[in-house]
Amino acid sequence: MRGKMAVIAYNGDTTYRVCSEPPPYEVLKELIDGYIELVPGFNKFQDEHCIAYCNEEGKLLGLQRNDMATKLWLQQHSTKDYLRGNVIILYGDDDFMEAL
């Protein structure tokens, strides 16, 4: 099982981690800084199938708008919405994706 995690911060900084297994919920929650929510329609990252998460209450909490993640999302999903705060993108081989 081989996967990757990209964390796109609201300021555009992106960090990458290699994952031998899906990260635990607690890790995702810490990186998002709150309750996690699946980003609908965010299905591709670097030409690979992915799953993306954001802070469920990002707008209510007044988190900074994440323009880079929103731009990536809008390339594959038609919406007038936008993402706030950190966004986590998980992608990898079939075993990794099935384990999510």
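User: What makes up the accessible surface of the protein chain, and how was its area found?

Analyst: Happy to explain! The accessible surface comes to about 6100 Å², and 47% of that belongs to carbon and sulfur atoms. The areas come from the Shrake-Rupley method with a 1.4 Å probe, and for residues only the protein chains shown count as cover. Please keep in mind that this is a predicted model, where local features need pLDDT of at least 70 and side-chain atom pairs count only at pLDDT 80 or more, while totals for chains, interfaces and linings use all residues. Residues are numbered from 1 along each chain as its sequence is written, and side-chain values use heavy atoms, with hydrogens and water left out.

User: Why is Ser20 called buried or exposed?

Analyst: Three words share one scale: buried means under 20% relative accessible area, exposed over 50%, and partly exposed in between (1.4 Å probe, protein chains only). Ser20 has a relative accessible area of 58%, so Ser20 is exposed. You will find Ser20 in the loop between strand S2 (14–19) and helix H1 (25–32). Helices (H or I, at least four residues) and strands (E, at least two) are DSSP runs, numbered from the N terminus.

User: And what makes Arg2 count as buried or exposed?

Analyst: Arg2 has 54% relative accessibility, so Arg2 counts as exposed. Arg2 sits in the segment before S1. Even so, Arg2 touches Cys19, Gly92, Asp93 and Phe96, not counting residues up to four places away in sequence. Contact here means heavy atoms within 4.5 Å. Arg2 and Gly92 are 90 residues apart in sequence, yet 5.9 Å apart in space, C-alpha to C-alpha.

User: How do you know that the buried residues of H2 line one face of the helix?

Analyst: Good one! The buried residues of helix H2 (residues 67–74) are Ala69, Thr70 and Trp73. Seen down the axis of H2, they fall within an arc of 100°, so they line one face. That arc is the one spanned by the directions from the helix axis to the C-beta atoms. An α-helix has 3.6 residues a turn, so residues three or four places apart point the same way. The buried residues of H2 pack against strand S1 (3–8) and strand S6 (87–92).

User: Why does the radius of gyration of the protein chain agree with a compact globule?

Analyst: The radius is taken over C-alpha atoms, and the globule rule is 2.2 Å times the number of residues to the power 0.38. With 100 residues, a compact globule would have a radius near 13 Å; the protein chain has 13 Å, so the two agree.
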